[in-house]
Each structure stands twice: as C-alpha cells, then as structure tokens.
Amino acid sequence: MSMQEIKESIVENALIYFETTGESFSDEFMLLLVDSLMDEYKVKRNYPVYFTKEQIDADVAAYLNRKKTYFATKVIPAMVGKIGAEGQVSHSENGISRTWEADAWFSDVIPYCEVL
C-alpha cells in the first residue's frame, strides 16, 4: 500500500468514526492531522542522517499501515478533543477538573541510535 493510500484510508476511517458521533470535518483537516502524526513519528524515530527519503517513507508507511485503525479511532479523535487546550496539564472550572498526561500514542516506537 502506498503512503497516499494509507493516509486516505486513515482519513476515511476517521471521517466514518466522526459521522457516528454526529460531527463532521473536512478531508483537508483530517489530512493535516495525519501529516502531523507522520511528522511526530519521524521525530520519535530519530532517523540517522544517512537514511534516504525512500527508506524513511517506507518505514513511516509500514508503521501507519499497521496502526491505521488505532490512529483513525483513538488518536485523531483525541487530537480533535484537545483543540483549544493543547498540552493542558491541569484545569479546574466550576468543580470540573482535567489533567492530561503526555500522549503515549508512540510509546511503541523505538528510536534509532548509534553507539559511540
């Protein structure tokens, strides 16, 4: 599956998920969130400088393909739910308290490293 097909699949599944909740978002907005996830994965992966763009794209595609349902039904809705309060660690208002921990969406990602 190509990177574009994977992204489209995640967007399609996320839009279906949101339809069931009565919410609707544009394809462009969903693609922006998927691109954001891809960028975050690349940072977590910490690719060596000698990796080619093709190698990086293949790795990202393989990871996203394995977890596309997870991203469409868990991560993207969580990202949307935090809009306007990104990074909120604590919030209290009228007896309602919110505390968010660091997102563990990429807790299974093992970064590349080199031995000195």
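# Exercises on a four-helix, two-strand model

The protein has four helices and two strands. Keep in mind that this is a predicted model. Work through each task with the structure open beside you.

## Exercise 1: The overall layout

**Task.** Find in which order the elements of the protein run from the N terminus on, and what percentage of the residues is buried.

**Solution.**
- Step 1. Start at the N terminus and follow the chain: the elements run α-α-α-α-β-β.
- Step 2. Now turn to burial: of the 116 residues in the protein, 34% are buried.
- Step 3. Look at the contacts with a separation of 6 or more: residues 24 or more positions apart account for 67% of them.
- Step 4. Finish with the outside: the accessible surface comes to about 7800 Å², and carbon and sulfur atoms hold 54% of that.

## Exercise 2: The sides of H2

**Task.** Work out which residues of H2 are buried, and where they sit around the axis.

**Solution.**
- Step 1. Check the length. H2 has 19 residues, which should span 27 Å at 1.5 Å a residue, and its end C-alpha atoms are indeed 27 Å apart.
- Step 2. List the buried residues of H2: Met30, Leu33, Val34, Leu37, Met38, Tyr41 and Arg45.
- Step 3. Place them around the axis. These residues cover an arc of only 145 degrees, so they lie on the same side of H2.
- Step 4. Recall a general rule: an α-helix has 3.6 residues a turn, so residues three or four places apart point the same way.
- Step 5. Look at the other side of H2, where Glu28, Leu32 and Val43 are exposed.
- Step 6. Ask what covers the buried residues of H2: the cover includes H1, H3 and H4.

## Exercise 3: Just after H2

**Task.** Describe the phi of Asn46 and decide whether Asn46 is buried, partly exposed or exposed.

**Solution.**
- Step 1. Locate the residue: Asn46 lies in the loop between H2 and H3, just after H2.
- Step 2. Read the angle: phi is near 55 degrees, which is a positive value in a residue other than glycine.
- Step 3. Apply the cut-offs: buried is under 20%, exposed is over 50%, and partly exposed is in between. Asn46 has a relative accessible area of 44%, so Asn46 is partly exposed.

## Exercise 4: Asp59 in H3

**Task.** Find out whether Asp59 is buried or exposed, and which side chain makes a polar contact with the side chain of Asp59.

**Solution.**
- Step 1. Begin with the helix. H3 covers residues 53-66, and its 14 residues reach 20 Å from first C-alpha to last, close to the 20 Å expected.
- Step 2. Name its buried residues: Ile56, Asp59, Val60, Ala61, Tyr63 and Leu64. Their cover includes helix H1 (3-21), helix H2 (27-45) and helix H4 (68-81).
- Step 3. Check Asp59 itself: its relative accessibility is 16%, so Asp59 counts as buried.
- Step 4. Find the partner: the side chain of Asp59 makes a polar contact with that of Arg45, at 2.9 Å.
- Step 5. Complete the surroundings. Leaving aside neighbours within four places in sequence, Asp59 is in contact with Tyr41, Arg45 and Tyr47.

## Exercise 5: Val75 in H4

**Task.** Determine the burial of Val75 and which residues Val75 is in contact with, leaving aside neighbours within four places in sequence.

**Solution.**
- Step 1. Find Val75 in helix H4.
- Step 2. Judge its burial: at 0% relative accessibility, Val75 counts as buried.
- Step 3. List the contacts beyond those neighbours: Leu37, Tyr70 and Trp105.
- Step 4. Compare sequence with space: Val75 and Val34 are 41 residues apart in sequence, and their C-alpha atoms are 9.7 Å apart.

Terms used:
Residues numbered from 1 in each chain as written. Predicted model: local features only at pLDDT ≥ 70, side-chain atom pairs only at ≥ 80, totals over all residues. Heavy atoms only, no water. Expected span 1.5 Å × (residues − 1). Buried < 20%, exposed > 50% of the residue type's maximum accessible area, 1.4 Å probe, protein only. Contact = heavy atoms within 4.5 Å. Areas by Shrake-Rupley, 256 points an atom, 1.4 Å probe, with all protein chains shown as cover. Polar contact = N/O pair within 3.5 Å; in protein donor to acceptor, adjacent residues only side chain to side chain. Arc of directions from axis to C-beta.
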